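Trainee: Could we go through this structure together? I would like to learn how each label is justified.

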There are 2 protein chains.
Amino acid sequence: MPNYTAPTKDIQYVLHEVLDISGANTPGYSDLDAEFTEAILDAAGALASDVLAPLNRVGDTEGCKLENGVVTTPTGFKDAFAQIKDGGWPGLDMPEDFGGQGLPYVMGTAVGELFSAANQAFTMYHGLTHGAASAILVHGTDDQKATYLPKMVSCEWTGTMNLTEPHCGTDLGLMRTKAEPQDDGSYKLSGQKIFISSGDHDMSSNVIHLVLAKVPGGPEGIKGVSLFIVPKFNINTDGSLGDHNGVSVGSLEEKMGIHGNSTCVMNYDGATGYLLGDMNKGMRAMFTMMNEARIGVAMQGLAQAEAAYQNAVLYAKDRLQGRAVTGAENPDGPADPLIVHPDIRRNLMDQKSFIEGARAFMLWGASLIDAGHKGGDADAEGLISLMTPVLKGFLTDKGYEATVNAQQVFGGHGYIEEWGMSQFTRDARIAMIYEGANGVQALDLVGRKLAQDGGKHVMAYFDMVKTFCKSADALEMQEFTTPLKAASKDLQAAGMYFMQNGMKNPNAALSGSYDFMHLFGYVSLGLMWGRMAQASLKALANGTDDPEFHKNKLITARYYMARQLPMTTTLLKRIESGADPVMALSAEAF
Amino acid sequence: MPNYTAPTKDIQYVLHEVLDISGANTPGYSDLDAEFTEAILDAAGALASDVLAPLNRVGDTEGCKLENGVVTTPTGFKDAFAQIKDGGWPGLDMPEDFGGQGLPYVMGTAVGELFSAANQAFTMYHGLTHGAASAILVHGTDDQKATYLPKMVSCEWTGTMNLTEPHCGTDLGLMRTKAEPQDDGSYKLSGQKIFISSGDHDMSSNVIHLVLAKVPGGPEGIKGVSLFIVPKFNINTDGSLGDHNGVSVGSLEEKMGIHGNSTCVMNYDGATGYLLGDMNKGMRAMFTMMNEARIGVAMQGLAQAEAAYQNAVLYAKDRLQGRAVTGAENPDGPADPLIVHPDIRRNLMDQKSFIEGARAFMLWGASLIDAGHKGGDADAEGLISLMTPVLKGFLTDKGYEATVNAQQVFGGHGYIEEWGMSQFTRDARIAMIYEGANGVQALDLVGRKLAQDGGKHVMAYFDMVKTFCKSADALEMQEFTTPLKAASKDLQAAGMYFMQNGMKNPNAALSGSYDFMHLFGYVSLGLMWGRMAQASLKALANGTDDPEFHKNKLITARYYMARQLPMTTTLLKRIESGADPVMALSAEAF
């Protein structure tokens, strides 16, 4: 059975030595000194290791059950959920007005990694509630906020998001779910939604569904979509629970992974719902959830990679097999541990350099969200809007790849379910798909975000890289900035290719969109490694009391620059080959 | 439920228009005219589509069962196995003396792709029997051949290979299974073997285990390992079955995939065995099976990719979602099919260009085996020995990646087991692990095969690429040869780097071994695409009656050159970064 230990030291390093959050101008950040954040991470880490991680395989093997319309979660989930609620974890970064702890989003993200790494399927129950509560917070009326938020922030009630229907996922304009207006201002919703994570379960007294639907007679397609609040149990005027609403679970999906989460087919049969936000602006309201959810999913990619990596390292140090090519390192034992072999190290270093870079990227992204939302920094908001598809697409693709690599370290044992390495890959696989499949992220990036506000944000990104390199070169950091500059140049060349060709032939840009998303991801992790190298050089120069830690960061930074970042060359070549290779074959010839 | 259609036309194309097998000098090849091979492929294809493919998901969901020491296979497997036996398929390329059909190995490979694509878990039952029979054919005494081969060639009895023990997989020198010599010349085997594919089941009257074990008092480590034949039921002198031997199934492994195959823990408790081949030369004998098995596993990578790709294409043509960026292509429908979107095409073209290149690589490799074994061509034998780790490592890694890409086309539905796309990835995953994990293939390639016979075979490979490019340039094929030459130059530079650095620092070579294996794979598929382009240009020049087919080959060749082959640049950079990035971190710092 796999282990999990919270990487508190690494998170603290990013928060304080790399991002210097307590020195940032963002409201609320001045409270986040190292002692305070460590206390939070330690408490969350203990819960993750001791309570959630042991339930990860239980969730995978038992799964959820639907009997007589009632969904039961795996053994132990209910108790664990009670502990999460009691600790106030779901409302960590929610407003104090509604019972939250009022901490910044960056802390929610840092803690979220620990919970998600320990048990992704479990963590989705409160993760989605958080997203639904955020949508109500932004778009709800005062009454709606008062009715729903206190109970959702505490997770006494959980939340869901209902977008997909059997015949439409990405293209929501095709949706068929209807919302008929009633005389009292409410609506009656009818239709079927699929892939509803945490759709129903036995861990909360109510489930608040946010449902996209069309009001008959409204505009065609996506312009006629509105968002509705549909509680599982109707809520009486005194706040107590009333009748069961006209919503039921059609079935539970049998999935490749995240078995511990109840993925439901939801049937709405004249269920009472309430408009959330403006009529026919449902997509805008939903995107409040979606953007948050996309960052949350990016984090799942990182989290599963971390959990899998930890176990691969333990195995590589423990399993004796073969001898180091340069001479026995464990001469008294029957063989050397796997970790002496260069190819095992290559595999582990690929994982490690990705994970640590991705963590810095995630937390930096979360700090941009705080700067935008709490600090009113429009540039930060623009930048995170640009980076969201990169975070989601790159971190989930590479996170999945990392779990597959971790599984590979185990040889045949990696294929046996009992060892738990298969589960990491099966759970991580969904993150590349949900909240917008990664191809859709690439489309969002190249088709929309690049040109947003006249291309201002991508120019700001390049300026930021340039400024960093300049400051780093002043510190003689050329071994890090030289590869980073080369990679950044590849990214700029790709952007230039799109600008020069995309207008007259959109396919020329879209054929390279996926490569561009990865290229952007590689450069961003390169920038993060540059910053980490800078932070660690500074710590070493200042006489840190843990020089090994910082030296190891420098070693890992060098690995990333030498063996990961060169991928940008190939990605640029792919992009510059344009539309013809991709579009030339007729559809029939596939 | 997924479909499968045998890609007969593509196989025929490779056999006849690319490899021109019936024109080759290899004994037996002159019989292989296009009509004959098509008849074989059609018959096998019908069996694959109609009998094996429908059982693929049955095998996945039911799995095998162990009750009271007896293993039962999933519903329908027994009948299907009877049909495979009745058709004589297991002995297709086995000698007629022992009841086989005496066809060349290349035909066994071509047919093997169809069976494996339709149902990998099922096909392993006769696939492993083939490997075990080959080992007896090469290393057995006349008595052993007479006793075992006729029944194994017909699959009345099936075979297994027993290498791995709980504490040792790659490093077989650590093995503990003992073989005590008996007065009658037989041995008593005791020990435990794990991960034994097809270890026991209800589809044959006997199971012939080939078991590696140590005779007490023999040399230490791998030099003291011998190979033994251990039948499940002892065989009486008249050939009838006697008592149950001292071998039993300890348990069935619960695996990530290939659930339809019974992967057993086998316990040997004083089981009677017979030495196969020379004492203490067990590894040599086992490698007869292993090399064949590695080629067979390479083929599984290709086969699962093909099966997954076919279903991704069907879905991409069928599923309506969004509109083409250049204007609606299905204006009367609610949306356009997925296949209009550039990123979906990019995904499908990645799969297609891999699969068709890999098929040519596989069949060319199989023709080298025939040239070596049947034709006595030592150069061919040396070349396939060099290429075996490349085939196994590259085709299973890229084949797995292709199944993941195919799953991605389905969006959320790809994650739901009912659609069957998850199974392709779960089944394909094992191919990267068994018969020597791919890291071990890379070690074999760089640590052993490159320098074999003084580096003669790798030089021959480069000469072959050069010769091809020269002949192709004479036909004005520079659009294909220019990228191929560049990639081949990267491969040569990597080889040069190993030569210059590997002697004084073996880690400098081994740190790049995995990248080198992939680099070799990319160049080899590039060579195959060059050859296919040449064959199709020739067909078009000669006025083929199917110009579209050949034009599409050229389009796919261009895609491969433009978007896959550039990977060699990055791989070379990784290799040339040497040992330091990989080896610098202390083991404790992971």
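Mentor: Gladly! Keep in mind that this is a predicted model. Let's begin with the side chains of Asp515(A) and Arg563(B), which meet at 2.6 Å, N to O.

Trainee: What makes the meeting of Asp515(A) and Arg563(B) a salt bridge?

Mentor: The cut-off is a side-chain nitrogen of Lys or Arg within 4 Å of a carboxyl oxygen of Asp or Glu. The pair Asp515(A) and Arg563(B) has its N and O at 2.6 Å, so the name salt bridge applies. Across the interface of chain A and chain B, the rule finds 2 salt bridges. Polar contacts between the two chains come to 44 residue pairs, counting those with both residues at pLDDT 80 or more.

Trainee: How much area is buried between chain A and chain B?

Mentor: About 7,600 Å², and carbon and sulfur atoms give 60% of that area. On the chain A side, Tyr415(A), Arg563(A) and Phe590(A) lose the most area to chain B, together 12% of what that side buries. In terms of contacts, 88 residues of chain A touch 87 residues of chain B.

Trainee: How do you know that the copies meet through the same surface?

Mentor: Look at the overlap: 99% of the interface residues of chain A are interface residues in chain B too, so the copies use the same surface.

Trainee: And what turn lays chain A on chain B?

Mentor: A turn of 180 degrees, with a shift of 0.0 Å along the axis, gives an RMSD of 0.0 Å. The two copies are therefore related as by a two-fold rotation axis. In chain A, the C-alpha of Thr570(A) is the nearest to this axis, at 3.1 Å.

Trainee: Why is Cys155(A) not in a disulfide?

Mentor: A disulfide needs two cysteine sulfur atoms within 2.5 Å. The closest cysteine sulfur to that of Cys155(A) is in Cys64(A), 16 Å away, so the gap is too far for a bond. Likewise, Cys155(B) is in no disulfide, with the sulfur of Cys64(B) 16 Å away. Over all chains the count is 0 disulfides.

Trainee: Why is Cys155(A) called buried?

Mentor: Buried means under 20% relative accessible area. Cys155(A) has 1%, so Cys155(A) counts as buried. Cys155(B), at 0%, is buried as well.

Trainee: Which residues have the most contacts inside the largest nonpolar core?

Mentor: Tyr461(A) and Tyr461(B), in a core of 312 residues. Leaving out residues up to four places away in sequence, Tyr461(B) touches several residues, including Leu383(B), Met387(B) and Phe520(B). Apart from this core lies another of 32 residues, among them Ala133(B) and Ile229(B).

Note on methods: Residues are numbered from 1 along each chain as its sequence is written. Chains are lettered from A and ligands numbered from 1 in the order in which they are written. This is a predicted model: local features need pLDDT of at least 70, side-chain atom pairs count only at pLDDT 80 or more; totals for chains, interfaces and linings use all residues. Side-chain values use heavy atoms; hydrogens and water are left out. Buried means under 20% relative accessible area, exposed over 50%, partly exposed in between (1.4 Å probe, protein chains only). A nonpolar core is a set of buried Ala, Val, Leu, Ile, Met, Phe, Trp, Tyr and Cys residues joined through side-chain atoms within 4.5 Å. Contact means heavy atoms within 4.5 Å. Copies are superposed by least squares on the C-alpha atoms of residues with pLDDT of at least 70 in both. Buried area is the accessible area (1.4 Å probe) that two parts lose on being put together, summed over both. A polar contact is a pair of N or O atoms within 3.5 Å; within protein, one must be able to donate a hydrogen and the other to accept it, and residues adjacent in sequence count only if both atoms are side-chain atoms.
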